[in-house]
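Colleague: I have just opened this entry and would love a friendly tour. Could you take me through it one question at a time?

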Amino acid sequence: MHELSTPKVQNKFSENLKDTDKAIPSRNTVVTLECLGFKWELHPPQLFQSETLSKLYLAALKGSSVRETEQLLPVLSSRKSKNTALIKKMAISLKINDPQVTKIGFATALKNLYLSQVDMNLDDVLGVLASAHILQFSSLFQRCVAMMVGGLSPSNITNFYLAGCKYKEEPLITACEKWLEMNLVPQMGRQIHLRKIPKNLLQKVLRSPRLFTLSELHLLKTLLLWVYLHLNHRTRTIPEYETMLTFFNSLSKKTCFLDQEEERSLVPLFLSLRLHGITEGKDLDVLRRINFFPELWLLQVTANHYHAVENGGDMVPSRDFNTQAVRCGLLFSQECTTYSKMIAMYGFFFEIKGIRNDATSYSFYMQRMKHTDVGFPSSVCEYGLVSLRAERLVKYEIRAQALVDSRWQEFSTSQIMQKFRFAGRTCKSQVLKVQTVGSPIYVRLSHSNICTVDVKKKISELGKGGEERDSMIEPMNQEQEDQGKD
(Lines give C-alpha, C1' and ligand atoms only; values in the text may rest on other atoms or scores of the structure.)
Protein backbone atom coordinates (compact mmCIF):
# COMPACT_ATOMS: atom_id res chain seq x y z
CA MET A 1 0.00 0.00 0.00
CA HIS A 2 1.33 3.41 -0.91
CA GLU A 3 1.17 6.44 1.37
CA LEU A 4 -0.34 9.55 -0.20
CA SER A 5 1.02 13.00 0.60
CA THR A 6 -0.82 16.27 0.12
CA PRO A 7 1.69 17.63 -2.44
CA LYS A 8 1.44 14.42 -4.52
CA VAL A 9 -2.33 14.66 -4.84
CA GLN A 10 -2.11 18.42 -5.47
CA ASN A 11 0.37 17.80 -8.29
CA LYS A 12 -1.94 15.19 -9.81
CA PHE A 13 -4.79 17.72 -9.84
CA SER A 14 -2.53 20.35 -11.36
CA GLU A 15 -1.58 18.02 -14.23
CA ASN A 16 -5.19 17.09 -14.93
CA LEU A 17 -6.44 20.69 -14.84
CA LYS A 18 -3.53 22.25 -16.71
CA ASP A 19 -5.32 22.41 -20.05
CA THR A 20 -8.68 23.75 -18.83
CA ASP A 21 -9.85 26.97 -17.27
CA LYS A 22 -13.29 25.63 -16.37
CA ALA A 23 -14.18 24.70 -12.81
CA ILE A 24 -15.34 21.16 -12.16
CA PRO A 25 -19.16 20.95 -12.35
CA SER A 26 -20.98 20.31 -9.07
CA ARG A 27 -22.31 16.98 -10.43
CA ASN A 28 -18.71 15.71 -10.34
CA THR A 29 -18.29 16.50 -6.64
CA VAL A 30 -15.69 14.34 -4.94
CA VAL A 31 -16.17 15.20 -1.27
CA THR A 32 -19.19 15.95 0.89
CA LEU A 33 -18.19 17.76 4.09
CA GLU A 34 -20.42 17.30 7.13
CA CYS A 35 -19.91 20.06 9.71
CA LEU A 36 -22.01 22.24 12.07
CA GLY A 37 -25.13 20.32 11.10
CA PHE A 38 -24.78 21.08 7.39
CA LYS A 39 -23.41 19.31 4.34
CA TRP A 40 -21.21 21.06 1.79
CA GLU A 41 -20.12 19.60 -1.54
CA LEU A 42 -16.49 20.40 -2.31
CA HIS A 43 -14.02 19.69 -5.12
CA PRO A 44 -10.46 18.48 -4.47
CA PRO A 45 -8.68 21.34 -6.33
CA GLN A 46 -10.36 23.86 -4.05
CA LEU A 47 -10.36 21.62 -1.00
CA PHE A 48 -6.57 21.42 -1.02
CA GLN A 49 -6.26 25.12 -0.10
CA SER A 50 -7.21 23.97 3.40
CA GLU A 51 -4.67 21.84 5.22
CA THR A 52 -7.35 20.49 7.57
CA LEU A 53 -9.66 19.35 4.76
CA SER A 54 -6.69 17.93 2.85
CA LYS A 55 -5.75 15.73 5.81
CA LEU A 56 -9.34 14.55 6.24
CA TYR A 57 -9.56 13.74 2.54
CA LEU A 58 -6.28 11.84 2.52
CA ALA A 59 -7.32 9.94 5.62
CA ALA A 60 -10.48 8.83 3.79
CA LEU A 61 -8.35 7.60 0.91
CA LYS A 62 -5.80 5.88 3.08
CA GLY A 63 -7.13 2.36 2.41
CA SER A 64 -6.98 2.73 -1.36
CA SER A 65 -4.05 1.96 -3.64
CA VAL A 66 -2.49 4.70 -5.70
CA ARG A 67 -4.16 3.32 -8.83
CA GLU A 68 -7.56 3.19 -7.16
CA THR A 69 -7.04 6.70 -5.83
CA GLU A 70 -6.17 8.04 -9.24
CA GLN A 71 -9.44 6.66 -10.54
CA LEU A 72 -11.22 8.97 -8.09
CA LEU A 73 -9.55 12.02 -9.59
CA PRO A 74 -10.97 14.01 -12.52
CA VAL A 75 -9.44 12.88 -15.81
CA LEU A 76 -9.63 15.50 -18.50
CA SER A 77 -8.72 13.97 -21.82
CA SER A 78 -9.76 15.57 -25.09
CA ARG A 79 -9.03 12.27 -26.86
CA LYS A 80 -11.75 10.39 -24.97
CA SER A 81 -14.29 13.03 -24.04
CA LYS A 82 -14.68 16.74 -23.54
CA ASN A 83 -16.35 16.04 -20.21
CA THR A 84 -14.79 14.74 -17.02
CA ALA A 85 -15.14 11.09 -16.09
CA LEU A 86 -17.63 10.18 -13.41
CA ILE A 87 -16.10 10.59 -9.99
CA LYS A 88 -16.87 8.52 -6.94
CA LYS A 89 -18.40 10.58 -4.16
CA MET A 90 -16.86 10.56 -0.70
CA ALA A 91 -17.87 11.94 2.69
CA ILE A 92 -15.76 13.47 5.44
CA SER A 93 -16.79 15.08 8.70
CA LEU A 94 -15.28 17.81 10.85
CA LYS A 95 -16.11 18.47 14.49
CA ILE A 96 -15.54 22.04 15.72
CA ASN A 97 -15.42 23.04 19.39
CA ASP A 98 -14.38 26.67 18.93
CA PRO A 99 -17.35 28.88 19.96
CA GLN A 100 -16.05 31.66 17.73
CA VAL A 101 -16.81 29.58 14.62
CA THR A 102 -20.28 30.54 13.34
CA LYS A 103 -22.28 28.97 10.54
CA ILE A 104 -22.10 32.21 8.56
CA GLY A 105 -18.36 32.48 9.16
CA PHE A 106 -17.72 28.88 8.19
CA ALA A 107 -19.86 29.15 5.04
CA THR A 108 -17.96 32.32 4.07
CA ALA A 109 -14.64 30.53 4.60
CA LEU A 110 -15.70 27.66 2.32
CA LYS A 111 -16.90 30.15 -0.28
CA ASN A 112 -13.38 31.61 -0.28
CA LEU A 113 -12.09 28.25 -1.49
CA TYR A 114 -13.77 29.02 -4.83
CA LEU A 115 -13.62 32.81 -5.10
CA SER A 116 -10.52 34.92 -4.61
CA GLN A 117 -12.39 37.95 -3.27
CA VAL A 118 -15.47 37.37 -1.14
CA ASP A 119 -17.09 40.39 0.50
CA MET A 120 -16.94 40.12 4.27
CA ASN A 121 -18.80 42.14 6.88
CA LEU A 122 -16.69 43.46 9.77
CA ASP A 123 -19.33 42.10 12.16
CA ASP A 124 -18.77 38.57 10.78
CA VAL A 125 -15.00 38.66 10.31
CA LEU A 126 -14.28 37.13 13.71
CA GLY A 127 -16.27 34.02 12.75
CA VAL A 128 -14.47 33.82 9.40
CA LEU A 129 -11.09 34.19 11.14
CA ALA A 130 -11.92 31.36 13.54
CA SER A 131 -13.11 29.20 10.64
CA ALA A 132 -9.95 29.94 8.65
CA HIS A 133 -7.91 28.91 11.67
CA ILE A 134 -9.79 25.62 12.03
CA LEU A 135 -9.47 24.94 8.31
CA GLN A 136 -5.81 26.03 8.31
CA PHE A 137 -6.63 28.27 5.38
CA SER A 138 -3.69 30.66 5.76
CA SER A 139 -4.40 33.15 2.96
CA LEU A 140 -7.95 33.73 4.22
CA PHE A 141 -6.72 33.98 7.80
CA GLN A 142 -4.32 36.78 6.86
CA ARG A 143 -7.06 38.59 4.92
CA CYS A 144 -9.20 38.52 8.05
CA VAL A 145 -6.33 39.84 10.16
CA ALA A 146 -5.75 42.73 7.73
CA MET A 147 -9.46 43.57 7.77
CA MET A 148 -9.55 43.53 11.59
CA VAL A 149 -6.45 45.71 11.89
CA GLY A 150 -8.02 48.25 9.53
CA GLY A 151 -11.41 48.22 11.26
CA LEU A 152 -10.55 48.63 14.96
CA SER A 153 -13.15 50.54 16.98
CA PRO A 154 -14.37 50.82 20.61
CA SER A 155 -17.00 48.13 20.00
CA ASN A 156 -14.64 45.44 18.68
CA ILE A 157 -11.21 46.22 20.14
CA THR A 158 -11.54 43.73 23.01
CA ASN A 159 -12.85 40.81 20.91
CA PHE A 160 -10.21 41.38 18.24
CA TYR A 161 -7.45 41.56 20.85
CA LEU A 162 -8.61 38.34 22.54
CA ALA A 163 -8.78 36.63 19.14
CA GLY A 164 -5.20 37.72 18.46
CA CYS A 165 -4.10 36.21 21.78
CA LYS A 166 -6.09 33.01 21.22
CA TYR A 167 -4.64 32.36 17.77
CA LYS A 168 -1.20 33.80 18.67
CA GLU A 169 -1.37 36.39 15.90
CA GLU A 170 1.21 38.98 17.01
CA PRO A 171 0.48 41.60 14.31
CA LEU A 172 -3.17 41.72 15.41
CA ILE A 173 -2.22 41.91 19.09
CA THR A 174 0.23 44.74 18.42
CA ALA A 175 -2.30 46.66 16.31
CA CYS A 176 -4.89 46.44 19.10
CA GLU A 177 -2.39 47.62 21.70
CA LYS A 178 -1.26 50.59 19.61
CA TRP A 179 -4.84 51.58 18.80
CA LEU A 180 -5.73 51.52 22.50
CA GLU A 181 -2.63 53.54 23.40
CA MET A 182 -3.99 56.36 21.29
CA ASN A 183 -7.71 55.98 21.98
CA LEU A 184 -8.02 54.83 25.61
CA VAL A 185 -8.84 58.37 26.77
CA PRO A 186 -10.38 60.18 23.76
CA GLN A 187 -12.62 57.28 22.61
CA MET A 188 -12.87 54.48 25.16
CA GLY A 189 -13.14 56.98 28.02
CA ARG A 190 -16.61 57.91 26.71
CA GLN A 191 -17.84 54.43 25.77
CA ILE A 192 -19.59 51.67 27.71
CA HIS A 193 -17.26 49.27 25.84
CA LEU A 194 -14.50 50.36 28.23
CA ARG A 195 -15.86 47.77 30.66
CA LYS A 196 -14.72 44.89 28.42
CA ILE A 197 -11.03 45.89 28.29
CA PRO A 198 -9.05 43.11 30.07
CA LYS A 199 -6.97 44.19 33.04
CA ASN A 200 -3.72 42.83 31.61
CA LEU A 201 -4.21 44.79 28.37
CA LEU A 202 -5.13 47.94 30.28
CA GLN A 203 -2.03 47.68 32.43
CA LYS A 204 0.24 47.21 29.43
CA VAL A 205 -1.26 50.24 27.68
CA LEU A 206 -0.97 52.42 30.80
CA ARG A 207 2.74 51.64 31.00
CA SER A 208 3.41 52.38 27.35
CA PRO A 209 5.63 55.41 26.60
CA ARG A 210 3.37 56.11 23.59
CA LEU A 211 0.17 56.44 25.64
CA PHE A 212 -1.86 59.49 24.59
CA THR A 213 -3.94 61.45 27.06
CA LEU A 214 -5.47 64.91 27.09
CA SER A 215 -4.20 65.35 30.66
CA GLU A 216 -3.30 63.31 33.72
CA LEU A 217 -6.74 64.10 35.15
CA HIS A 218 -8.44 62.71 32.02
CA LEU A 219 -6.47 59.49 32.39
CA LEU A 220 -7.49 59.20 36.04
CA LYS A 221 -11.15 59.70 35.14
CA THR A 222 -10.94 57.00 32.48
CA LEU A 223 -9.42 54.50 34.89
CA LEU A 224 -11.98 55.32 37.60
CA LEU A 225 -14.72 54.78 35.02
CA TRP A 226 -13.28 51.36 34.15
CA VAL A 227 -13.45 50.36 37.84
CA TYR A 228 -16.95 51.82 38.21
CA LEU A 229 -18.27 49.86 35.23
CA HIS A 230 -16.79 46.63 36.60
CA LEU A 231 -18.48 47.19 39.95
CA ASN A 232 -21.81 48.16 38.38
CA HIS A 233 -22.48 45.39 35.87
CA ARG A 234 -26.01 46.50 35.07
CA THR A 235 -25.03 50.01 34.08
CA ARG A 236 -25.66 50.51 30.35
CA THR A 237 -24.84 54.22 30.07
CA ILE A 238 -21.80 56.31 30.96
CA PRO A 239 -22.39 58.04 34.33
CA GLU A 240 -21.71 61.68 35.03
CA TYR A 241 -18.37 62.33 36.70
CA GLU A 242 -20.06 63.55 39.88
CA THR A 243 -22.23 60.42 39.98
CA MET A 244 -19.12 58.29 39.81
CA LEU A 245 -17.42 60.25 42.60
CA THR A 246 -20.52 59.97 44.77
CA PHE A 247 -20.49 56.20 44.31
CA PHE A 248 -16.88 55.82 45.44
CA ASN A 249 -17.47 58.21 48.31
CA SER A 250 -20.36 56.02 49.49
CA LEU A 251 -18.14 52.97 49.97
CA SER A 252 -16.75 51.83 53.29
CA LYS A 253 -14.74 54.44 55.20
CA LYS A 254 -12.87 51.87 57.27
CA THR A 255 -10.16 51.53 54.66
CA CYS A 256 -9.51 53.07 51.26
CA PHE A 257 -10.71 51.25 48.15
CA LEU A 258 -7.29 50.08 46.92
CA ASP A 259 -6.36 48.71 50.36
CA GLN A 260 -9.32 46.37 50.45
CA GLU A 261 -8.30 42.73 50.03
CA GLU A 262 -10.43 42.06 46.95
CA GLU A 263 -9.26 45.22 45.17
CA ARG A 264 -5.50 45.03 45.71
CA SER A 265 -5.01 43.48 42.30
CA LEU A 266 -5.91 46.90 40.86
CA VAL A 267 -2.99 48.64 42.57
CA PRO A 268 -0.54 48.12 39.64
CA LEU A 269 -2.99 49.91 37.31
CA PHE A 270 -3.11 53.02 39.49
CA LEU A 271 0.63 52.96 40.13
CA SER A 272 0.95 53.64 36.39
CA LEU A 273 -0.74 57.02 36.85
CA ARG A 274 1.25 60.20 37.40
CA LEU A 275 -0.82 61.78 40.14
CA HIS A 276 1.77 64.51 40.64
CA GLY A 277 0.57 65.90 37.30
CA ILE A 278 -2.80 66.76 38.88
CA THR A 279 -2.14 70.21 40.34
CA GLU A 280 -5.47 72.02 40.57
CA GLY A 281 -6.62 72.45 44.18
CA LYS A 282 -10.19 71.27 43.49
CA ASP A 283 -8.92 68.12 41.79
CA LEU A 284 -6.56 67.36 44.67
CA ASP A 285 -9.52 67.71 47.04
CA VAL A 286 -11.42 65.13 44.99
CA LEU A 287 -8.55 62.62 45.31
CA ARG A 288 -8.87 62.76 49.08
CA ARG A 289 -12.67 62.96 49.24
CA ILE A 290 -13.43 59.73 47.37
CA ASN A 291 -11.39 57.56 49.79
CA PHE A 292 -9.94 55.61 46.90
CA PHE A 293 -6.16 55.94 47.26
CA PRO A 294 -3.93 54.85 50.18
CA GLU A 295 -3.08 57.64 52.59
CA LEU A 296 0.63 57.33 51.82
CA TRP A 297 -0.04 58.03 48.13
CA LEU A 298 -2.03 61.15 48.94
CA LEU A 299 0.62 62.42 51.36
CA GLN A 300 3.25 62.08 48.63
CA VAL A 301 1.10 63.96 46.10
CA THR A 302 0.41 66.72 48.63
CA ALA A 303 4.08 66.97 49.60
CA ASN A 304 5.11 67.29 45.92
CA HIS A 305 2.48 69.96 45.44
CA TYR A 306 3.64 72.10 48.37
CA HIS A 307 7.28 71.62 47.39
CA ALA A 308 6.57 73.14 43.98
CA VAL A 309 4.49 75.99 45.40
CA GLU A 310 7.13 76.90 47.99
CA ASN A 311 9.98 76.70 45.48
CA GLY A 312 8.65 78.99 42.80
CA GLY A 313 7.23 76.22 40.62
CA ASP A 314 10.24 73.89 40.78
CA MET A 315 8.88 70.35 40.72
CA VAL A 316 10.46 67.47 42.62
CA PRO A 317 13.27 66.20 40.34
CA SER A 318 12.18 63.15 38.38
CA ARG A 319 14.42 60.10 38.19
CA ASP A 320 13.03 59.04 34.82
CA PHE A 321 11.51 61.54 32.40
CA ASN A 322 9.87 58.75 30.37
CA THR A 323 7.81 57.51 33.31
CA GLN A 324 7.38 60.66 35.43
CA ALA A 325 7.01 63.67 33.11
CA VAL A 326 3.61 65.36 33.16
CA ARG A 327 1.57 64.66 30.02
CA CYS A 328 -1.06 66.62 28.16
CA GLY A 329 -2.30 66.43 24.60
CA LEU A 330 -4.55 67.64 21.85
CA LEU A 331 -6.30 66.03 18.89
CA PHE A 332 -5.68 67.90 15.66
CA SER A 333 -8.22 67.00 12.97
CA GLN A 334 -7.88 67.63 9.26
CA GLU A 335 -10.59 70.30 9.44
CA CYS A 336 -8.51 72.45 11.80
CA THR A 337 -6.27 75.25 10.56
CA THR A 338 -5.04 76.17 14.05
CA TYR A 339 -5.74 74.68 17.43
CA SER A 340 -4.25 75.36 20.85
CA LYS A 341 -4.52 74.36 24.48
CA MET A 342 -3.43 76.22 27.62
CA ILE A 343 -1.35 74.55 30.34
CA ALA A 344 -0.97 76.00 33.85
CA MET A 345 1.75 74.63 36.14
CA TYR A 346 2.40 76.36 39.47
CA GLY A 347 2.04 79.90 38.18
CA PHE A 348 3.68 79.31 34.80
CA PHE A 349 1.53 79.21 31.67
CA PHE A 350 2.27 77.50 28.40
CA GLU A 351 0.28 77.05 25.23
CA ILE A 352 0.66 73.99 23.03
CA LYS A 353 -0.30 74.95 19.50
CA GLY A 354 -0.86 73.24 16.17
CA ILE A 355 -0.92 74.86 12.71
CA ARG A 356 -1.89 73.28 9.41
CA ASN A 357 0.47 74.65 6.76
CA ASP A 358 -1.19 72.83 3.84
CA ALA A 359 -3.20 69.67 3.16
CA THR A 360 -0.53 67.32 4.55
CA SER A 361 1.93 69.56 6.42
CA TYR A 362 1.62 70.58 10.08
CA SER A 363 3.68 72.34 12.75
CA PHE A 364 3.41 71.88 16.51
CA TYR A 365 5.16 73.77 19.29
CA MET A 366 4.64 75.22 22.75
CA GLN A 367 5.21 78.75 23.96
CA ARG A 368 5.28 80.52 27.29
CA MET A 369 2.38 82.89 27.95
CA LYS A 370 1.80 85.88 30.24
CA HIS A 371 -1.39 86.13 32.18
CA THR A 372 -1.68 89.68 30.79
CA ASP A 373 -1.43 88.61 27.13
CA VAL A 374 -4.33 89.55 24.87
CA GLY A 375 -6.75 86.67 24.62
CA PHE A 376 -5.39 84.91 27.71
CA PRO A 377 -8.34 83.05 29.32
CA SER A 378 -9.01 84.56 32.74
CA SER A 379 -10.37 81.25 34.02
CA VAL A 380 -6.89 79.70 33.82
CA CYS A 381 -5.46 81.83 36.63
CA GLU A 382 -8.62 83.10 38.33
CA TYR A 383 -7.97 81.15 41.55
CA GLY A 384 -4.45 79.96 40.90
CA LEU A 385 -0.85 81.07 41.19
CA VAL A 386 0.78 83.59 38.88
CA SER A 387 4.57 83.69 38.63
CA LEU A 388 6.31 86.83 37.40
CA ARG A 389 9.73 85.23 37.17
CA ALA A 390 11.46 85.98 33.91
CA GLU A 391 12.90 82.55 33.22
CA ARG A 392 11.76 78.98 33.40
CA LEU A 393 13.88 75.97 32.49
CA VAL A 394 11.74 73.16 31.14
CA LYS A 395 12.53 69.69 29.93
CA TYR A 396 10.01 68.64 27.29
CA GLU A 397 9.23 66.38 24.37
CA ILE A 398 6.56 66.86 21.70
CA ARG A 399 5.30 63.71 20.01
CA ALA A 400 2.77 63.32 17.21
CA GLN A 401 1.21 60.15 15.81
CA ALA A 402 -1.20 59.52 12.95
CA LEU A 403 -2.73 56.40 11.45
CA VAL A 404 -2.15 55.88 7.73
CA ASP A 405 -3.13 52.64 5.95
CA SER A 406 -3.32 50.73 9.26
CA ARG A 407 0.21 51.86 10.24
CA TRP A 408 1.10 54.44 12.84
CA GLN A 409 3.42 57.24 11.78
CA GLU A 410 5.43 58.72 14.65
CA PHE A 411 7.16 62.10 14.94
CA SER A 412 9.11 63.51 17.88
CA THR A 413 11.37 66.38 18.92
CA SER A 414 13.19 64.01 21.30
CA GLN A 415 13.77 65.23 24.87
CA ILE A 416 14.93 68.83 25.02
CA MET A 417 15.99 71.15 27.85
CA GLN A 418 15.10 74.77 27.07
CA LYS A 419 15.07 78.11 28.84
CA PHE A 420 11.79 79.98 28.29
CA ARG A 421 11.42 83.72 28.66
CA PHE A 422 8.53 85.99 27.75
CA ALA A 423 9.50 87.92 24.65
CA GLY A 424 9.92 87.12 20.96
CA ARG A 425 11.70 83.97 19.95
CA THR A 426 12.73 83.18 23.53
CA CYS A 427 9.19 82.13 24.51
CA LYS A 428 8.78 79.39 21.90
CA SER A 429 9.91 75.79 21.81
CA GLN A 430 11.42 73.85 18.99
CA VAL A 431 8.89 73.24 16.21
CA LEU A 432 7.85 69.67 15.44
CA LYS A 433 7.22 69.33 11.70
CA VAL A 434 4.74 66.65 10.65
CA GLN A 435 4.07 65.44 7.11
CA THR A 436 1.11 63.07 6.98
CA VAL A 437 -2.24 62.35 5.35
CA GLY A 438 -3.52 60.78 8.57
CA SER A 439 -6.28 62.35 10.65
CA PRO A 440 -6.65 63.03 13.49
CA ILE A 441 -3.11 63.70 14.64
CA TYR A 442 -2.52 62.75 18.28
CA VAL A 443 -0.16 65.37 19.72
CA ARG A 444 1.30 64.84 23.19
CA LEU A 445 3.49 67.18 25.22
CA SER A 446 5.52 65.65 28.06
CA HIS A 447 7.17 68.22 30.29
CA SER A 448 8.81 68.82 33.64
CA ASN A 449 9.56 72.20 35.24
CA ILE A 450 13.17 72.11 36.38
CA CYS A 451 14.13 75.42 37.95
CA THR A 452 13.74 79.19 37.83
CA VAL A 453 16.98 80.39 39.39
CA ASP A 454 20.66 79.66 38.91
CA VAL A 455 19.93 78.29 35.44
CA LYS A 456 23.53 78.35 34.24
CA LYS A 457 24.66 76.22 37.16
CA LYS A 458 21.97 73.64 36.40
CA ILE A 459 22.94 73.55 32.73
CA SER A 460 26.57 73.07 33.67
CA GLU A 461 25.68 70.14 35.94
CA LEU A 462 23.62 68.53 33.20
CA GLY A 463 26.44 68.99 30.72
CA LYS A 464 28.83 67.04 32.93
CA GLY A 465 26.45 64.07 33.03
CA GLY A 466 26.64 63.56 29.29
CA GLU A 467 23.78 61.05 29.28
CA GLU A 468 20.78 63.09 28.18
CA ARG A 469 20.11 65.09 25.06
CA ASP A 470 19.72 68.01 27.44
CA SER A 471 21.71 70.37 25.31
CA MET A 472 20.44 73.84 26.07
CA ILE A 473 18.06 74.97 23.35
CA GLU A 474 18.29 78.72 22.93
CA PRO A 475 15.78 80.78 20.90
CA MET A 476 14.44 79.25 17.69
CA ASN A 477 15.97 80.16 14.39
CA GLN A 478 14.03 82.41 12.03
CA GLU A 479 12.60 79.49 10.02
CA GLN A 480 11.16 77.89 13.14
CA GLU A 481 9.68 81.20 14.28
CA ASP A 482 8.00 81.75 10.91
CA GLN A 483 6.39 78.30 11.12
CA GLY A 484 5.06 79.15 14.56
CA LYS A 485 3.22 82.24 13.42
CA ASP A 486 -0.53 82.17 12.95
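**A walk through the model**

Modeller: Happily! Let's begin with a hairpin, which strand 8 and strand 9 form with two residues between them; aspartate 405, in the turn, has a positive phi of about 50°. Keep in mind as we go that this is a predicted model.

Colleague: Which residue of strand 9 stands opposite valine 404?

Modeller: Strand 8 and strand 9 run antiparallel and are joined by six bridges. Within this pairing, the residue of strand 9 opposite valine 404 is arginine 407.

Colleague: Is serine 406 buried, partly exposed or exposed?

Modeller: Serine 406 is placed in the loop between strand 8 (392–404) and strand 9 (407–412). Serine 406 is not a glycine, yet it has a positive phi of about 65°. Most residues other than glycine have a negative phi. Its relative accessibility is 37%, and residues between 20% and 50% fall in the middle class, so serine 406 counts as partly exposed.

Colleague: Where else is there a positive phi, and how exposed is lysine 168?

Modeller: Lysine 168 has a positive phi of about 55°, although it is not a glycine. Its place is in the loop between helix 8 (157–166) and helix 9 (170–183). Exposed means over 50%, so lysine 168 counts as exposed, with a relative accessibility of 69%.

Colleague: Which peptide bond is cis?

Modeller: Most peptide bonds are trans. For the cis one, look at the loop between strand 11 (432–435) and strand 12 (441–451), where proline 440 lies. Omega is near 0° for the bond from serine 439 to proline 440.

Colleague: Back to strand 8: how many of its 13 residues are buried?

Modeller: Besides its hairpin partner, strand 8 pairs with strand 10 (residues 416–420) in the antiparallel sense, over five bridges. In that pairing, leucine 393 has lysine 419 as its bridge partner in strand 10. Strand 8 is largely enclosed by the rest of the structure, because the number of its 13 residues that are buried is 12.

Colleague: There is also an open sheet of four strands; which are its edge strands?

Modeller: The order of this open sheet is 5-6-7-11, with antiparallel pairing. An edge strand pairs on one side only, which holds for strand 5 (338–345) and strand 11. From one strand to the next, the twist averages 20°.

Colleague: Which residue of strand 6 stands opposite alanine 344?

Modeller: Alanine 344 lies in strand 5, and eight bridges join strand 5 to strand 6 (residues 348–356), the two running antiparallel. Alanine 344 is partly exposed, with a relative accessible area of 23%. Its opposite residue in strand 6 is phenylalanine 349.

Colleague: What separates the C-alpha atoms of alanine 344 and methionine 369?

Modeller: Along the chain, these two residues are 25 residues apart. In space, their C-alpha atoms are separated by 9.7 Å.

Colleague: Which residues are in contact with valine 145, leaving aside its neighbours within four places in sequence?

Modeller: Valine 145 is found in helix 7 (residues 138–150), and at 5% relative accessibility valine 145 counts as buried. Leucine 172 is 27 residues away in sequence, but the two are 6.4 Å apart in space, C-alpha to C-alpha. With those neighbours left aside, valine 145 is in contact with Leu129, Glu169 and Leu172.

Colleague: Which helix gives the most residues to the largest nonpolar core?

Modeller: Of the 88 residues in that core, Phe106, Leu184, Phe270, Phe292 and Phe293 touch the most other members. The biggest contribution, 10 residues, comes from helix 11 (residues 216–231). Apart from this core lies another, of 29 residues, including Phe332 and Ile343. The helix you asked for is helix 11.

Colleague: How many disulfides does the structure hold, and why is there no bond at cysteine 176?

Modeller: A disulfide is a covalent bond between the sulfur atoms of two cysteines. Cysteine 176 counts as buried, at 0% relative accessibility. The closest cysteine sulfur to that of cysteine 176 belongs to cysteine 165 and is 8.2 Å away, too far for a bond, because a disulfide needs the sulfurs within 2.5 Å. The number of disulfides in the structure is zero.

Conventions. Residues are numbered from 1 along each chain as its sequence is written. This is a predicted model: local features need pLDDT of at least 70, side-chain atom pairs count only at pLDDT 80 or more; totals for chains, interfaces and linings use all residues. Side-chain values use heavy atoms; hydrogens and water are left out. Buried means under 20% relative accessible area, exposed over 50%, partly exposed in between (1.4 Å probe, protein chains only). Two strands pair if DSSP finds at least two bridges between them. Axes are lines fitted to C-alpha atoms, for helices over the stretch in contact, and angles run from 0 to 180 degrees between N-to-C directions. Contact means heavy atoms within 4.5 Å. A nonpolar core is a set of buried Ala, Val, Leu, Ile, Met, Phe, Trp, Tyr and Cys residues joined through side-chain atoms within 4.5 Å.
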